[in-house]
Amino acid sequence: MARVLSGIQPSGAMHIGNYFGAIKNFVIEQGQADAFYCVVDLHALTQNVEPEILASNTLDLMAIYLASGLNPDVCTLFLQSHVVEHTQLAWLLECTASMGELRRMTQFKDKGGDQEGTRVGLFTYPVLMAADILLYDVDRVPVGDDQRQHLELTRDLAQRFNHRFGEMFVIPEATIPAVGARVMDLQEPTRKMSKSVSSPLGTINMLDEPSEIERKIKKAVTDTDGEVRYDTAVKPGLATLLSIFAACEGVAPTIIAERYERYGDLKRDAAAALIEELRPIQQRYREYRDDPVALKAMMELGAAKARAVASQTYRRAADAVGLVAP
Ligand code: TYM
């Protein structure tokens with residue numbers, strides 16, 4: 001059976017980019033593969049975050065995973081920091097990675113890049129991500145389009161390690177969804193939807209009220225030529241709405257475009273489809289989030305399952321580089 005792993009940072013409210021780019025496919029993959037999903041809390045430390053907020057965001061995200069349909073009896077759900085082998089393997093990989101290849105990471109450059117005050121954790125972030133993946137011998141990593149370069153680095157690091165120390169790691173592939181891999185901001189449709197954008201109207205969160213979703217879609221930026229057509233270069237605002245609608249329906253955006261003549265009708269139906277898509281998740285969310293004791297018990301079981309795999313891979317890699325076993 002193929003194995004998959006992915007992770008999301010607990011760095012604030014989950015938006016529909018996270019959902020269509022990642023979480024929706026996590027749910028599909030859990031039925032097809034031996035799936036491991038983590039909340040990457042160590043990665044969230046690369047940003048300036050208040051300790052109590054990080055702890056609360058972590059439980060929020062676990063509740064979102066469960067509410068979205070991830071089932072801990074079917075897949076392994078865990079917290080990255082509960083499996084210490086992630087940081088241990090990251091160190092072994094850091095000792096094979098070069099400054100040059102990490103400096104080229106576009107996400108690092110976007111977040112400030114090589115400056116005196118930049119945190120070292122932000123620089124080595126992709127190596128920790130590589131460790132997350134390589135510990136589990138995974139075949140596929142379901143992610144949004146913005147993680148493509150990090151996956152390439154993971155493959156490079158794995159191949160280098162294998163070449164130097166003997167066949168050790170499975171070389172993983174990114175699986176990027178056909179629709180929804182890059183959900184754009186509703187107000188600035190040439191940039192991707194993200195948690196760190198100035199206009200809250202541009203981002204739809206998974207837990208937004210239906211009236212809020214309607215309002216944001218109604219106010220979404222379009223253009224003035226009035227023709228419904230899927231064209232990301234010329235009509236990026238409309239393309240964003242068509243993609244969101246298409247991701248809800250599981251069809252290509254061009255198919256949706258053929259059904260409409262007026263922007264107003266398209267917006268109305270896109271909002272309705274999105275509200276329907278998120279409704280069951282929103283209904284289940286509170287139930288999971290309001291029971292932190294159950295969440296913690298679930299995470300403990302997940303960590304034990306994850307550790308059973310990760311500890312073996314780590315020991316194999318540690319032996320290979322010459323670290324004497326205890
Ligand atoms: P993060 O937390 O930034 O994002 C989580 C997932 O959401 C996807 N995503 C999007 N997809 C479509 N449109 C968008 N606008 C959008 N914004 C975010 C991301 O592609 C991602 O799949 N480095 C990772 C976390 C990570 C990880 C891993 C992922 C750490 N270790 C191991 C996979 C495997 C990140 O920052 O994701």
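**Exercise 1.** Is C38 buried or exposed? Work out where C38 sits, how accessible it is and what it touches.

*Solution.* A quick word before we start: the model you're looking at is predicted.

Step 1: find the residue. C38 belongs to strand β2, which covers residues 34–39.

Step 2: check the accessibility. C38 has a relative accessibility of 0%. The cut-off for buried is under 20%, so C38 counts as buried.

Step 3: look at the company C38 keeps. Not counting residues up to four places away in sequence, C38 touches S6, G7, I8, Y65, F78 and Q80.

Step 4: try one distance. C38 and S56 are 18 residues apart along the chain, and their C-alpha atoms are separated by 16 Å.

**Exercise 2.** Take L135 and describe its place, its burial and its contacts.

*Solution.* Step 1: L135 isn't in a helix or strand here; look for it in the loop between α7 (120–134) and β4 (140–142).

Step 2: its relative accessible area is 0%, so L135 is buried.

Step 3: now the contacts. Leaving out residues up to four places away in sequence, L135 touches E85, H86, L89, V309, A310, T313 and Y314.

Step 4: pick T313 from that list and compare two kinds of distance. Along the sequence, L135 and T313 are 178 residues apart, yet from C-alpha to C-alpha they are 5.6 Å apart in space.

**Exercise 3.** Stay in the loop between α7 and β4 and look at D137. What is special about its phi angle?

*Solution.* Step 1: phi of D137 is near 50 degrees, which is a positive value in a residue other than glycine.

Step 2: D137 has 22% relative accessibility, so it counts as partly exposed.

Step 3: hop over to M168, since D137 is one of the residues that M168 touches. M168 lies in the loop between α8 and β5 (173–175). With a relative accessible area of 10%, M168 is buried.

Step 4: fill in the rest of the M168 picture. Beyond residues up to four places away in sequence, M168 also touches F161, N162, R316, A317 and A320. The C-alpha atoms of M168 and A317 are separated by 6.8 Å, although these two are 149 residues apart along the chain.

**Exercise 4.** Which side chain makes a polar contact with the side chain of R289?

*Solution.* Step 1: locate R289 in helix α12, residues 263–289.

Step 2: its relative accessibility is 14%, so R289 counts as buried.

Step 3: follow the side chain. The side chain of R289 makes a polar contact with the side chain of D60, at 2.5 Å. The R289 side chain also reaches the backbone oxygen of S56, at 3.5 Å.

Step 4: widen the view. Setting aside neighbours within four places in sequence, R289 is in contact with S56, L59, D60, A63 and L295.

**Exercise 5.** Now for the ligand. Which of the 26 residues around the ligand come nearest?

*Solution.* Step 1: the nearest are Y125, D132, G144, D146 and V183.

Step 2: see which elements build the shell. β1 (3–8), α1 (16–30) and α7 each supply at least two of its residues.

Step 3: go through some polar atoms. A polar side-chain atom of D132 lies 2.6 Å from a nitrogen atom of the ligand. A polar backbone atom of M193 is 3.0 Å from a ligand nitrogen atom. For N18, an N or O atom in the side chain is 3.1 Å from an oxygen atom of the ligand.

Step 4: ask how covered the ligand is. On its own the ligand has 710 Å² of accessible area, and the protein covers 96% of that. The space the ligand takes is the largest pocket.

**Exercise 6.** Compare H150 with G226: which is buried and which is partly exposed?

*Solution.* Step 1: H150 is in helix α8, residues 148–165. At 3% relative accessibility, H150 counts as buried.

Step 2: G226 lies in the loop between α9 (210–218) and α10 (236–249). At 38% relative accessibility, G226 counts as partly exposed.

Step 3: set the contacts side by side, leaving out residues up to four places away in sequence. H150 is in contact with M105, Q107, Y125, P126 and M129, while G226 touches E261 and Y263.

Note on methods. Residues are numbered from 1 along each chain as its sequence is written. This is a predicted model: local features need pLDDT of at least 70, side-chain atom pairs count only at pLDDT 80 or more; totals for chains, interfaces and linings use all residues. Side-chain values use heavy atoms; hydrogens and water are left out. Helices (H or I, at least four residues) and strands (E, at least two) are DSSP runs, numbered from the N terminus. Buried means under 20% relative accessible area, exposed over 50%, partly exposed in between (1.4 Å probe, protein chains only). Contact means heavy atoms within 4.5 Å. A residue is near a molecule or strand if one of its heavy atoms lies within 4 Å of it. A polar contact is a pair of N or O atoms within 3.5 Å; within protein, one must be able to donate a hydrogen and the other to accept it, and residues adjacent in sequence count only if both atoms are side-chain atoms. Accessible areas come from the Shrake-Rupley method with a 1.4 Å probe; for residues, only the protein chains shown count as cover. On a 1 Å grid over the protein atoms alone, a cavity is a set of points where a 1.4 Å probe fits but cannot get out, and a pocket is an open set with protein on both sides within 12 Å along at least five of seven lines; lining residues have an atom within 4 Å of a point. A molecule sits in a cavity or pocket if more than half of its atoms lie within 2 Å of its grid points.
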